[in-house]
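Happy to go through this one with you at the bench. Take a look at the model, and then we can ask what earns each label.

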Amino acid sequence: LSLPTAEVTHAELASGIGILNALVKAGLAASNGEARRHVASGAVKVNDATVDDDKLNLGDNALLDEGVIKLSVGKKRHALIKPI
């Protein structure tokens, strides 16, 4: 997967990363407010599943087999969160 990748620590992921924070970290939103609007408009997906809760926390359970979490905003913008 040749998508932009944001790295987080395993500890950070284990304690849970908020979806808004993750979108900003991955460069898919400029601010938490923008990220919240993306979620509210139904544009955000985690691992190709639509997110409708802006309080969602991403943890180890969100990791794909490849060891990353795929974030999407709309149809064209994607990024990965990768624990290091």
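Q: What phi does Gly42 take, just after α3?
A: Gly42 takes a positive phi of about 75° there. A word on the source: this is a predicted model, where local features need pLDDT of at least 70, side-chain atom pairs count only at pLDDT 80 or more, and totals for chains, interfaces and linings use all residues. Residues are numbered from 1 along each chain as its sequence is written, and side-chain values use heavy atoms, with hydrogens and water left out.

Q: Why is Ser72 called buried?
A: Buried means under 20% relative accessible area, exposed over 50% and partly exposed in between (1.4 Å probe, protein chains only). Ser72 has 1% relative accessibility, so Ser72 counts as buried.

Q: What makes the link between the side chains of Ser72 and His78 a polar contact?
A: The term asks for a pair of N or O atoms within 3.5 Å; within protein, one must be able to donate a hydrogen and the other to accept it, and residues adjacent in sequence count only if both atoms are side-chain atoms. The Ser72 and His78 side chains make theirs at 2.8 Å.

Q: How do you know that the buried residues of α3 line one face?
A: Those residues are Ala35, His38 and Val39. Seen down the axis, they fall within an arc of 100° (taken from the directions from the helix axis to the C-beta atoms), so they line one face of α3. The face turned away carries the exposed Arg37 and Ala40.

Technical notes:
Helices (H or I, at least four residues) and strands (E, at least two) are DSSP runs, numbered from the N terminus.
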